[in-house]
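Hi everyone, thanks for coming. I'd like to walk you through a structure that may be new to you, so please have a look at the display before we start.

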Amino acid sequence: MYDMIDHYFHCVSRIRRNESQLDCEASQSIPVGITEHHVLENSAAAANCFTPANFYLVQKEITRATLYDIGEILESDVSTKYIVAARGGTKVFEVECDDEETLGNVSCSCLKFECEGIPCCHIMVVLITLGAAMPQCCVLNSELLMLAKPVFEEASCSIDEYMRWKEILEAELKGKRKREDIEGESSGIEDREWLRS
C-alpha cells in the first residue's frame, strides 16, 4: 500500500512539473498562424487564453471549417441561426448567434465547445463568413478552465482540501439552480398575469 501511495505522489509530482513547464513555455511563446483565415486565427492567438496545445486544436477547427458550408440562415428578433453542413454530407448543425455585431453568445448544436472548451468547426464557419475575430464568448470557457486548474491541483493534494473545494462547488451549483428556479417561477407568474389582462 505504501508503494502504491508513493508511486501516486511521484506521478502527480511529474504531471505538475510537466504542466508547469508547459505553462512557462506558453507564457513565453507566440503561436504561429498556419491557416488562411488570419483575422480569426490571430485574434485567437491574441486572446492569450489558449495553451499552445489548445491553440493547435483551435487551428485544427479553423482548418476543418473549410469542409463545411452554410446552407441556410434563419433570422429572428432574438437571434440568427446558421444551418451548417459538410460538403456532400447530410448531417446539419445549428449555430446560433444572439447578436451578429457583438457576438455576445455563439453556440452550436454539436456542443463541442461546452464539452471541450474549444470552439467547433461549425462555429468557425460562421465566424469566417462574418469576417469576425474570435469572440470573447468562445474563450471564456477556456479561461475558466485555466483558472480552475491550480485549484484542482491544490484539491488533489489532500482529502481536506478536496472536501473543502467540493463543498464550495456544490454550494455554488445548488445556489445557481435555486436562482434559476426562482427566475423561472417569476417569469411564469408574469406570463400568467399578462394573459389575464
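**A walk along the chain**

Starting at the N terminus, the order of elements is α-α-α-β-β-β-β-α-α-α-α. Put as a count, that is seven helices and four strands. Please keep in mind that what you see is a predicted model.

A few overall values will help us get settled. The chain has 197 residues, and 26% of them are buried. Its accessible surface is about 13,600 Å², and carbon and sulfur atoms hold 56% of that. Now take the contacts in the chain with a separation of 6 or more: 47% of them join residues 24 or more positions apart.

Let's begin the tour at helix 3. This helix covers residues 52–64, which makes 13 residues. From first C-alpha to last it reaches 18 Å, close to the 18 Å expected at 1.5 Å a residue. Which residues of helix 3 are buried? They are Phe-55, Val-58, Gln-59, Glu-61 and Ile-62. Looking down the helix axis, you would find these buried residues within an arc of 160°, so they line one face of helix 3. The general background is simple: an α-helix has 3.6 residues a turn, so residues three or four places apart point the same way. On the face of helix 3 turned away from the buried side, you can find Ala-53 and Tyr-56, which are exposed.

Next, over to the strands. Glu-72 sits in strand 1. Its relative accessible area is 43%, so Glu-72 is partly exposed. Beyond its neighbours within four places in sequence, Glu-72 is in contact with Lys-81, Tyr-82 and Ile-83. You can also look for Val-84: twelve residues separate it from Glu-72 in sequence, and their C-alpha atoms are 7.5 Å apart in space.

Between strand 1 (68–75) and strand 2 (80–86) there is a loop, and that is where Ser-79 is placed. Is Ser-79 buried or exposed? With a relative accessibility of 7%, which is under 20%, Ser-79 counts as buried. Setting aside its neighbours within four places in sequence, Ser-79 is in contact with Leu-74, Glu-96, Cys-97 and Asp-98. With Glu-96 there is a polar contact, side chain to side chain, at 2.7 Å.

Glu-96 brings us to an annotated stretch. The unreviewed UniProt entry carries the annotation "domain: SWIM-type" for residues 93–131. In this model, residues 93–131 are 38% helix and 21% strand, and the C-alpha atoms at the two ends are 20 Å apart.

Leu-111 is worth a stop too. You will find it in the loop between strand 4 (106–108) and helix 4 (112–116). Its phi is near 65°, a positive value in a residue other than glycine. As general background, most residues other than glycine have a negative phi. At 43% relative accessibility, Leu-111 counts as partly exposed.

Our last stop is Glu-153, in helix 6 (residues 140–155). Glu-153 is partly exposed, with a relative accessible area of 26%. What does Glu-153 contact, leaving aside its neighbours within four places in sequence? The answer is Arg-16 and Glu-19. Glu-153 and Arg-16 are 137 residues apart in sequence, yet 8.1 Å apart in space, C-alpha to C-alpha.

That's the end of the tour. Thanks for listening, and I'm happy to go back to any of these stops with you.

Methods:
Residues are numbered from 1 along each chain as its sequence is written. This is a predicted model: local features need pLDDT of at least 70, side-chain atom pairs count only at pLDDT 80 or more; totals for chains, interfaces and linings use all residues. Side-chain values use heavy atoms; hydrogens and water are left out. UniProt positions are given in the numbering used here, feature names are shortened, and annotations may be inferred rather than shown by experiment. Buried means under 20% relative accessible area, exposed over 50%, partly exposed in between (1.4 Å probe, protein chains only). A polar contact is a pair of N or O atoms within 3.5 Å; within protein, one must be able to donate a hydrogen and the other to accept it, and residues adjacent in sequence count only if both atoms are side-chain atoms. Contact means heavy atoms within 4.5 Å. The expected span of a helix is 1.5 Å times one less than its number of residues. The arc is that of the directions from the helix axis to the C-beta atoms. Accessible areas come from the Shrake-Rupley method with a 1.4 Å probe; for residues, only the protein chains shown count as cover.
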